[in-house]
Amino acid sequence: MPEVKITFDESQIKFLEAYKQYGFKDKSSLVTEALKKFQEEIERKKLEESAELYAEIYAEDRELQELTESAIRISSYDQFAEDYMNSEDMQKEAEKLLG
């Protein structure tokens with residue numbers, strides 16, 4: 001793995017030196033995990049901001065709301081039709097018709 005030289009202040013150095021107390025095998029593992037957590041936090045914040053933006057757009061766009069409601073109704077109808085087609089009532093009707 002490539003190495004990088006970085007500078008820490010005294011409190012950060014003391015923290016790094018206690019890596020074993022935190023369950024890490026070495027200082028590098030501690031820093032790697034900290035960076036990973038920081039990256040995840042940044043990504044989570046980006047997703048939250050994106051969700052908030054989409055919510056704002058949705059709240060202001062009546063046409064989009066109607067389209068979404070229509071899609072939900074269609075999906076609900078499709079699920080109802082599928083459930084009915086697989087139901088005992090439908091099988092009994094088919095048996096009656098087919099003799």
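Is E33 buried, partly exposed or exposed? Keep that puzzle in mind; the exercises below will come back to it. You are looking at a predicted model, so let us begin with how far to trust it.

**Exercise 1. Find where the confidence in the protein chain is highest and where it is lowest.**

Step 1: Start with the whole chain. The protein chain has an average pLDDT of 90, and 99% of its residues reach at least 70.

Step 2: Go to the top of the range. Helix 1, residues 10-17, has the highest confidence, with a mean of 97.

Step 3: Now go to the bottom. Confidence is lowest in helix 4, residues 88-98, where the mean is 77.

Step 4: Keep a general caution in mind as you read. Predicted coordinates should not be read in detail where pLDDT is low.

**Exercise 2. Work out how K37 and E33 are paired, and how open each one is to the surroundings.**

Step 1: Locate both residues. K37 and E33 sit in helix 2, 4 residues apart, which is about one turn of the helix.

Step 2: Check the distance. The closest N and O atoms of K37 and E33 are 3.7 Å apart, and a salt bridge needs the nitrogen within 4 Å of the carboxyl oxygen. K37 and E33 therefore form a salt bridge.

Step 3: Look at the accessibility. Partly exposed covers the range between under 20% (buried) and over 50% (exposed). E33 has a relative accessible area of 27%, so E33 is partly exposed. K37, with 49%, is partly exposed too.

That settles the opening puzzle: E33 is partly exposed.

**Exercise 3. Find which residues are linked with R44 in a network of salt bridges.**

Step 1: Take one pair. R44 forms a salt bridge with E48, and their closest N and O atoms are 2.1 Å apart.

Step 2: Place the pair on the helix. R44 and E48 are separated by about one helical turn, because they are 4 residues apart in helix 2.

Step 3: Add the accessibility. R44 is partly exposed at 37%, and E48 is partly exposed at 39%.

Step 4: Widen the view. E41, R44 and E48 are linked in a network of salt bridges.

Step 5: Put the network in context. The structure holds 5 salt bridges, and one of them joins the side chains of R62 and E69 at 3.9 Å, N to O. R62 is partly exposed, with a relative accessible area of 44%, and E69 is partly exposed, with 32%.

**Exercise 4. Name the residues of the nonpolar surface patch and say which helix gives the most to it.**

Step 1: List the members. L53, Y54, I57, Y58, L64 and L67 make a nonpolar surface patch of about 580 Å².

Step 2: See which helices take part. Helix 2 and helix 3 (62-85) each supply at least two residues.

Step 3: Find the main contributor. Helix 2 gives the most, with 4 residues.

Step 4: Zoom in on one member. I57 lies in helix 2, and I57 counts as partly exposed because its relative accessibility is 38%.

**Exercise 5. Identify the negative surface patch and describe E60, one of its residues.**

Step 1: Find the patch. E49, E52, E56 and E60 form a negative surface patch.

Step 2: Place E60. This residue belongs to helix 2, which covers residues 27-60.

Step 3: Judge the accessibility of E60. Exposed means over 50%, so E60, at 70%, counts as exposed.

**Exercise 6. Compare positions along the chain with distances in space for two pairs, D9 with V31 and F15 with K27.**

Step 1: Place D9. It lies in the segment before helix 1 and is partly exposed, with a relative accessible area of 40%.

Step 2: Follow D9 to V31. The two residues are 22 apart along the chain, and their C-alpha atoms are separated by 14 Å.

Step 3: Place F15. This residue is in helix 1, and F15 counts as partly exposed at 41%.

Step 4: Follow F15 to K27. These residues are 12 apart along the chain, with 9.4 Å between their C-alpha atoms.

How values were computed. Residues numbered from 1 in each chain as written. Predicted model: local features only at pLDDT ≥ 70, side-chain atom pairs only at ≥ 80, totals over all residues. Heavy atoms only, no water. Patch = residues over 30% accessible without salt bridge, like charges linked within 9 Å, V, L, I, M, F, W, Y side chains within 5 Å. Areas by Shrake-Rupley, 256 points an atom, 1.4 Å probe, with all protein chains shown as cover. Lys, Arg positive; Asp, Glu negative; His and termini not counted. Charge placed at Lys NZ, Arg CZ, Asp CG, Glu CD. Buried < 20%, exposed > 50% of the residue type's maximum accessible area, 1.4 Å probe, protein only. pLDDT = per-residue confidence, 0-100.
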